[in-house]
Amino acid sequence: TPTLLAALSTIERHGPMTPGTLAAHEQVEKPTITRLLAALEQRALVERTPDPLDRRIAWIQVTPEGRKLLQRTRRRKDEYLARRIKG
């Protein structure tokens, strides 16, 4: 969905981040981010890594499969825009 892709793109662009930081970037509440991250994890597009110093903190990062999905999506958008510009 566009919402999942937006969150995935934010994680990729800003590097590993906590769910709270992602919620702030996406301007949504933490319960919403929890649902989004569960959906992204279920699809193996992101992974959580516990913080080595504080196990209460989880770091979220994009998986190789997530990067591939973003690349395919961006390529399709670029191709669409190129066709529209050619007219």
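In the predicted model, the axes of helices α1 and α3 approach within 10 Å and cross at roughly 85 degrees. Because angles of 65 to 115 degrees count as roughly perpendicular, α1 is classed as roughly perpendicular to α3. On the α1 side, the contact is formed by T3, L4, A7, L8 and I11, and α3 contributes L36, L37, A39 and L40. By residue class, this contact comprises eight nonpolar residues, one polar residue and no charged residue.

The largest nonpolar core contains 17 residues, of which L8, I11, L22, I33, L37, L40 and V46 touch the most other members. At least two residues of this core are supplied by each of α1, α2 (19-26), α3 (30-42) and β2 (58-62). The greatest contribution is that of α3, which provides five residues. Among the core residues named above, L8 and I11 of α1 and L37 and L40 of α3 also take part in the contact between these two helices.

When residues up to four places away in sequence are set aside, V46 touches L8, I11, L37, L40, E41, I60, Q61, V62 and T63. The contacts of V46 thus include L8, I11, L37 and L40, which are likewise listed for the contact of α1 with α3.

A further position examined was T10, which lies in helix α1 (residues 2-14). T10 has a relative accessible area of 4% and is therefore buried, the cut-off for this class being under 20%. Again without counting residues up to four places away in sequence, T10 touches M17, L22, H25 and E26. One of these residues, L22, is also among the core residues that touch the most other members.

Notes: Residues are numbered from 1 along each chain as its sequence is written. This is a predicted model: local features need pLDDT of at least 70, side-chain atom pairs count only at pLDDT 80 or more; totals for chains, interfaces and linings use all residues. Side-chain values use heavy atoms; hydrogens and water are left out. Helices (H or I, at least four residues) and strands (E, at least two) are DSSP runs, numbered from the N terminus. Buried means under 20% relative accessible area, exposed over 50%, partly exposed in between (1.4 Å probe, protein chains only). Contact means heavy atoms within 4.5 Å. A nonpolar core is a set of buried Ala, Val, Leu, Ile, Met, Phe, Trp, Tyr and Cys residues joined through side-chain atoms within 4.5 Å. Axes are lines fitted to C-alpha atoms, for helices over the stretch in contact, and angles run from 0 to 180 degrees between N-to-C directions. Angles under 35 degrees count as roughly parallel, over 145 as roughly antiparallel, 65 to 115 as roughly perpendicular and the rest as oblique. Ala, Val, Leu, Ile, Met, Phe, Trp, Tyr, Cys and Pro count as nonpolar, Asp, Glu, Lys and Arg as charged, and the others, Gly among them, as polar.
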